[in-house]
Amino acid sequence: MINPMPTTRLTETNRPHASPAVFAELDAGLRAGAACISPKFLYDALGSRLFEAICELPEYYPTRTEASIFARHGHEMARAIGPGSTLIDLGAGNCAKAAKLFPLLHPAQYVAIDISADFLRESIERLQQRFSHIEMTGLGLDFSNSLDLPGIVRPERRLFFYPGSSIGNFTPEQAGAFLRRARAQCDNDGGLLIGIDLVKDSATLDAAYDDALGVTAAFNLNLLRHVNHLAAADFDVRQWRHRGYYNEAQGRVEMHLEAREALTVSWHGGTRAFVAGQRIHTENSYKYRQSAAVGLLEQSGFHAAHVWTDPAGWFAVIHARAIPI
Ligand SMILES: C[S@@+](CC[C@H](N)C(=O)[O-])C[C@H]1O[C@@H](n2cnc3c(N)ncnc32)[C@H](O)[C@@H]1O
């Protein structure tokens with residue numbers, strides 16, 4: 001007789017809360033030789049709030065540098081783009097950056113997309129009260145593998161807004177594939193307004209991703225709480241420490257979580273032992289040279305029409321038009 005497969009009794013506490021696809025992705029990453037968890041799992045409601053706090057940190061230059069570019073060149077951007085676009089905010093978070101552009105861009109419709117759906121819902125409800133004349137839609141979805149916009153999104157003059165250098169979370173190959181998917185979702189009148197972080201000295205980059213207050217550490221560690229919820233895992237946050245630094249050879253900042261001691265983690269359907277010092281890779285943030293950023297867009301179906309940078313050349317905002325097909 002063949003022994004029956006052992007069964008696990010699912011109770012509310014050890015049942016994964018994620019969809020089967022999300023659970024399979026987490027399971028594969030936790031089992032991989034070099035363990036990894038996608039940075040998209042940094043963002044539950046608390047993760048989104050911690051990211052807002054990071055944006056306030058003196059070390060985190062990207063947000064204020066990008067904001068200075070919008071403040072200085074916003075009118076020029078608005079002239080290039082024109083009113084009446086369908087503004088599609090990719091990874092909108094608190095929607096604050098788009099809200100600042102509304103008085104300049106006068107979009108016909110605002111579509112905010114984010115994986116952190118509860119946080120997005122609250123953000124867009126607040127925003128709709130402030131800008132009642134703009135038609136708004138929030139879409140709580142993961143755009144890392146597909147970007148199929150529902151029929152509610154106006155097809156005319158789609159402008160993808162992708163600030164904060166979130167494109168850097170993808171490898172350059174993944175970034176190209178992502179941008180091509182965006183290009184496929186707009187007509188020849190479509191475009192892109194994107195913020196891209198540029199290569200700079202490693203001390204500045206190290207500090208930006210490992211701040212003195214430990215907010216980035218909390219943001220990274222919170223991913224473990226999120227995974228506990230999604231995959232019925234039993235990570236003990238106190239057993240892990242944050243690592244964030246620039247890997248010059250790879251041209252990217254890396255974030256990892258490092259085991260403080262030998263430990264074992266279990267999740268629904270799996271278990272793994274980690275030795276002290278062993279890591280889980282949780283984020284990459286690729287830094288681009290301006291020419292490489294423009295090249296990436298051009299290879300992905302967009303022509304970079306304008307590039308604006310800050311005086312120090314730390315960050316670029318690029319308006320790109322869809323290359324007609
Ligand atoms: C670095 S934050 C940027 C937030 C805001 N756009 C800004 O520039 O300050 C990245 C945002 O993208 C969202 N996000 C990350 N991965 C995502 C995915 N795969 N699909 C949808 N949203 C995602 C996160 O929840 C978060 O709000």
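In which helix is Asn222 found? Select Asn222 and see: the residue sits in helix α8. Keep in mind throughout that this is a predicted model.

**Stop 1: Asn222**

Stay on Asn222 and show its surroundings. At 3% relative accessibility, Asn222 is buried, because the cut-off for that label is under 20%. Now display the contacts, leaving aside neighbours within four places in sequence. Asn222 touches Leu42, Asp44, Leu46, Gly47 and Leu50. Next, add Ser19 and draw a distance between the C-alpha atoms. Asn222 and Ser19 are separated by 20 Å in space and by 203 residues along the chain.

**Stop 2: the whole chain**

Zoom out and colour by secondary structure. The protein chain has nine helices and 12 strands. Its C-alpha atoms fill a box of roughly 70 × 45 × 40 Å along the principal axes. The radius of gyration is 21 Å, which agrees with the value near 20 Å for a compact globule of 325 residues.

Switch to contacts. Take those between residues at least 6 apart in sequence: 68% of them join residues at least 24 apart.

Turn on the surface. The accessible area comes to about 15,000 Å², and carbon and sulfur atoms account for 54% of it. Buried residues make up 51% of the 325 residues.

Then select the charged side chains. There are 31 positive and 35 negative ones. The centres of these two sets lie 1 Å apart.

**Stop 3: the largest nonpolar core**

Hide the surface and go inside. In soluble globular proteins, nonpolar side chains tend to be buried together. Here the largest nonpolar core has 37 residues. Select Ile37, Leu223, Val227, Phe235, Trp240 and Phe274, which touch the most other members.

Which elements give two or more residues to this core? Four are helices: α1 (20-31), α2 (45-55), α7 (202-208) and α8 (215-231). The strands are β6 (240-247), β7 (252-259) and β8 (263-267). Helix α8 gives the largest share, eight residues.

Centre on Ile37. Beyond its neighbours within four places in sequence, Ile37 is in contact with Leu26, Leu30, Leu223, Val227, Ile280, His281 and Thr282. Two of these partners, Leu223 and Val227, are also on the list of residues that touch the most other core members.

Another core lies apart from the largest one. This second set has 33 residues, among them Ile167, Ala293, Leu297 and Ala322.

**Stop 4: Glu52**

Move to helix α2 and pick Glu52. Is Glu52 buried or partly exposed? Glu52 is partly exposed, with a relative accessible area of 31%. Leaving aside neighbours within four places in sequence, Glu52 is in contact with Asn94 and Phe119. Add Thr63 for a distance check. Thr63 is 11 residues from Glu52 in sequence and 9.9 Å away, C-alpha to C-alpha.

**Stop 5: two positive phi angles**

Select Cys95, in the loop between β1 (86-90) and α4 (96-105). Cys95 has a positive phi of about 65° although it is not a glycine. The residue is buried, with a relative accessible area of 0%.

Now follow α4 to the loop that joins it to β2 (109-113), where His106 is found. His106 also has a positive phi, about 45°, without being a glycine. What is the relative accessible area of His106? The value is 49%, so His106 counts as partly exposed, since exposed requires over 50%.

Conventions: Residues numbered from 1 in each chain as written. Predicted model: local features only at pLDDT ≥ 70, side-chain atom pairs only at ≥ 80, totals over all residues. Heavy atoms only, no water. Rg over C-alpha atoms; globule rule 2.2 N^0.38 Å. Buried < 20%, exposed > 50% of the residue type's maximum accessible area, 1.4 Å probe, protein only. Contact = heavy atoms within 4.5 Å. Areas by Shrake-Rupley, 256 points an atom, 1.4 Å probe, with all protein chains shown as cover. Lys, Arg positive; Asp, Glu negative; His and termini not counted. Charge placed at Lys NZ, Arg CZ, Asp CG, Glu CD. Core = buried A, V, L, I, M, F, W, Y, C linked by side-chain atoms within 4.5 Å.
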